[in-house]
Amino acid sequence: VLGIPWGVAQVYAKTYGKELPTEAEWEKAARGPEGFRAPWGNGRAAWSEPRTHKTITKIASFPPDYSPYGIYDLAGNAREWCADWYAESAHVEFQSSKQPLRNWSSPKKATTTNYRLVKGAGPDWAVWKRVGQDMQERLPDVGFRTVLRLPSSDTTKGRLDEVEKVAKPRGELSRPGF
């Protein structure tokens with residue numbers, strides 16, 4: 001779904017017991033455990049047909065745009081709302097705080113009123129591209145993903161196994177080794 005304001009995306013996610021991802025979660029999903037610059041790694045993109053940063057297509061139309069976690073279209077296709085407020089200097093402020101770089105917390109307020117973070121479609125396909133957009137706007141190239149928060153105790157082991165089975169790509173979209 002494209003062209004909906006942040007609040008509608010947030011309500012949709014909550015209705016289904018999910019949330020919009022934080023910037024840290026979104027980037028981890030895109031960069032993988034190795035911290036690649038793009039979902040496919042650190043090399044150049046190899047598209048089978050022309051693609052620009054404004055190209056919006058059916059999901060998985062560009063198979064190289066596939067993260068180590070099995071998620072398509074994080075570098076290109078639609079840009080995506082994140083849960084975080086947008087602050088231009090958020091990374092600089094966080095790095096100066098000397099906190100560990102694990103799922104860092106986002107700014108508690110926007111530097112520009114009503115601006116939320118949007119990720120994706122960076123100029124060189126690098127997934128660290130971040131911009132702020134007015135959360136009330138209907139942007140034709142902005143969509144969203146949701147995350148499902150699961151408890152992290154051993155009592156949920158069976159449930160996590162079931163979620164992993166459902167979350168893995170199937171059929172023609174699957175890639176060996178992931």
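Me: So helices (H or I, at least four residues) and strands (E, at least two) are DSSP runs, numbered from the N terminus. What pattern does the protein chain follow along the sequence?

Reply: Read from start to end, the protein chain goes α-α-β-α-β-β-β-α. That makes four helices and four strands. One thing to keep in mind is that this is a predicted model, where local features need pLDDT of at least 70, side-chain atom pairs count only at pLDDT 80 or more, and totals for chains, interfaces and linings use all residues. Residues are numbered from 1 along each chain as its sequence is written, and side-chain values use heavy atoms, with hydrogens and water left out.

Me: What share of the protein chain is buried?

Reply: Of its 178 residues, 39% are buried. Buried means under 20% relative accessible area, exposed means over 50%, and partly exposed is in between (1.4 Å probe, protein chains only).

Me: Ok, strand S1. Why is it described as largely enclosed?

Reply: Strand S1 spans residues 79-85, and five of its seven residues are buried, so the rest of the structure largely encloses it.

Me: Which strands does S1 pair with?

Reply: S1 runs parallel to strand S4 (residues 142-144), joined by three bridges. S1 also pairs with S2 over three bridges, this time in the antiparallel sense. Two strands pair if DSSP finds at least two bridges between them.

Me: Can you point me to some partners? Which residue in S4 bridges to Trp 81?

Reply: Look for Phe 144, the bridge partner of Trp 81 in S4. For S2, find Glu 80, whose partner there is Lys 119.

Me: Changing topic: Arg 116. Where does it sit, and is it buried or exposed?

Reply: Arg 116 is in strand S2, residues 115-119. Arg 116 is buried, yet has no salt bridge, meaning a side-chain nitrogen of Lys or Arg within 4 Å of a carboxyl oxygen of Asp or Glu.

Me: Which side chain of opposite charge is nearest to Arg 116?

Reply: That is Asp 84, 6.4 Å away. For charges, Lys and Arg count as positive and Asp and Glu as negative, while His and the chain ends are not counted.

Me: What else is Arg 116 in contact with?

Reply: Leaving out neighbours within four places in sequence, its contacts (heavy atoms within 4.5 Å) include Trp 6, Trp 81, Trp 85, Tyr 86 and Met 135. Across the protein chain, 71% of contacts between residues at least 6 apart in sequence join residues at least 24 apart.

Me: Now Leu 74. Where is it?

Reply: Leu 74 is in the loop between helix H2 (23-31) and S1. With a relative accessible area of 2%, Leu 74 is buried. Leu 74 touches residues including Trp 26, Ala 29 and Ala 30, and these three are among the buried residues of H2.

Me: How far apart are Leu 74 and Trp 26?

Reply: They are 48 residues apart in sequence and 8.5 Å apart in space, C-alpha to C-alpha.

Me: Last bit: which residue other than glycine has a positive phi near 65 degrees in that loop?

Reply: Asp 73, also in the loop between H2 and S1, has a phi near 65 degrees. Most residues other than glycine have a negative phi. Asp 73 counts as buried, at 3% relative accessibility.

Me: And Asn 114: what is its phi?

Reply: Its phi is positive too, about 65 degrees, although Asn 114 is not a glycine. Asn 114 sits in the loop between helix H3 (90-96) and S2, and is partly exposed at 27% relative accessible area.
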